[in-house]
Every structure is written in C-alpha cells, then in structure tokens.
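Q: I have a model open and would like to learn how to read a few of its features. Could you walk me through them?

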Amino acid sequence: MKGSYRVVVQNAVLRFDFTIRRNITIVKGDSATGKTTLIEMIREYYESGKASGIELKCDRICAPLSGRDWKIFLETMHERIIFIDEGNEFVLSNEFAAAVRNSDNYFVIVTREGLPNLPYSIDEIYGIRESGKYAALKQTYNEFYRIYTSESHPLPIRPDEVIVEDSNAGYEFYQGISSGASWTVTSALGKSNLFAKTLECKSENVLVIADGAAFGAEMARMILVFASFQITAPSSPTSHSRPLLHKPSLQQADSRPA
C-alpha cells in the first residue's frame, strides 16, 4: 500500500481529521488528549458501521487491532489502516516488528514509549490537539500535529565534531570532506548507538546526522540530551541519498573567520 490517506471520523460531539502518509504513524500525548477516544470510535464504526452513530470517511478500511490474538487477525487484513491503542504490549515485540515489515497495511500506533524495533520517521510522530475550526458549533474538532518540526539551521555551520549514524556511505562522505578541516568525524556504528556516543562527546558544538526516515524511536531521548547540554540539534534527512550538508557549505564554514 502506498500514498497518503485522509481519515475523517466523527460523531455528534467529536471530529478527528488527519492524513496518514507512511506505513507507520505514531501518536503520542498526555492523558485526556483524545488518543483512546479516537481508537474507540474507529473500533465502534468497524464493528457496527453507521448504527454506531459514527461517520468514517477514508479510501481504505480503518480497523482496530488488539489483544493476544493480534497475529491471527492481522494475517486476515490487507491494505487497511490499522489502529492500535496503547497498552498492547505486543507492539514492543520482534514478532510484531517482523509482521509490520511483511505487511501491506498502514499502522497507526498510540504509545508513550519509543518503539526501537520499528523503523518510523521523525516526521510521522504526532500529538492530537483541539482546533478552532468548529468553534461556533457544539462539535469539537481534533487534528494531528507533528511533535518534531523541521527547522533550518543558519549557515555557516561550524561544528567541533560531526557524529554520523552509519559507518558506510554517510560516514565516508563526511570523512572525505573533513580533510584539513577543524572538525572531526565519528561514526556511531548504528542509530541505537547515537545516544551513548553523543553523551560521550566532550565538544561544545556537535552536529549529529541521522536518517530521519527511521530515527523516530530514538528522537525523544536525543532531544533530552540537546536540551541538557545545549548542543546542536540532530539533523535528519529522510534519505542518505540527499546529503544534509553539501561540500561547499562545510568548506565555507571552515574557511571563514570565527
């Protein structure tokens, strides 16, 4: 299944309107923000249709998934958007991660924890908030918002150290252009090591480069490091085929006076 899908689910009191863009979408947030209510409305419509008093509009079937028999139910589902509420511990398992990799469904997972077994994008981590679009009506309008937004760092960038997620093409690229530069380039040897590698770093100005398309599970604890040490926030291109910093920018940063 490919592409983006708009989901609108509503009753007389609540309306949720959001778009699913990738195969894994994570929904986070505190209690009473509407996460479980959304899943319950999906479940009620899936089981009872219009008799539930809920209206759901989407080009794909939206279905809930829960309980110890999740694998049996998932095997019968194809090209659907599957919603999973928090408290379902199977989402932490390697078995579920393997099932997601082999599935043609999209998954919307409500969780307060990181899911390191799943490769989800930092751009697909959302919270739920109320919007004022229906302020004149009794119905409350709810929408998704991205928790981690993209911000452009002013150029030139002058890092003391560059930490790269991988040890292959990405590392070789930055290692190659660092010859004669004032910064050093280090490989974390995998995304799961970036957190520890960053903590070990004694430099004041650190640039961390990661693949944003699969870095979602690591983002929360990395943000804590940046908030504590005030070092440069991680830069996460969605693909290593599009380098974050081009060679001229880094050369310019190194040649200009501080």
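A: Gladly! Let's begin with strand pairing: two strands pair if DSSP finds at least two bridges between them. In this predicted model, β10 and strand β12 (residues 206-209) pair in the parallel sense over 4 bridges. One of the residues involved is I163, whose bridge partner in β12 is V208.

Q: Which strand pairs with β10 over 4 bridges and has S187 as the partner of V164?

A: That is β11 (residues 184-187), which pairs with β10 in the parallel sense; S187 of β11 is the bridge partner of V164. Between β10 and β11 the chain passes through helix α4 (residues 169-177), making a right-handed β-α-β crossover.

Q: Are the faces of strand β10 covered or uncovered?

A: Both faces are covered. E161 and I163 are buried on one side, and V162 and V164 are buried on the other.

Q: Now the cysteines: how many disulfides does the structure hold?

A: A disulfide is a covalent bond between the sulfur atoms of two cysteines. The structure holds 0 of them. C58 is in no disulfide, its nearest cysteine sulfur being that of C62.

Q: Why is there no bond between C62 and C58?

A: Because their sulfurs are 4.1 Å apart, too far for a bond, and a disulfide needs them within 2.5 Å. C62 is buried, at 5% relative accessibility, whereas C58 is partly exposed at 22%.

Q: Last one: what surrounds K28 in the loop between β3 and α1?

A: K28 is buried yet has no salt bridge; the nearest side chain of opposite charge, E113, is 8.6 Å away. A polar atom of the K28 side chain does lie 3.5 Å from the backbone oxygen of R112, and one lies 3.3 Å from the backbone oxygen of E113.

Key. Residues numbered from 1 in each chain as written. Predicted model: local features only at pLDDT ≥ 70, side-chain atom pairs only at ≥ 80, totals over all residues. Heavy atoms only, no water. Buried < 20%, exposed > 50% of the residue type's maximum accessible area, 1.4 Å probe, protein only. Lys, Arg positive; Asp, Glu negative; His and termini not counted. Salt bridge = Lys/Arg side-chain N within 4 Å of Asp/Glu carboxyl O. Polar contact = N/O pair within 3.5 Å; in protein donor to acceptor, adjacent residues only side chain to side chain. Helix = DSSP H or I, 4+ residues; strand = E, 2+ residues; numbered from the N terminus. Right-handed = clockwise from strand over helix to strand, strands pointing away.
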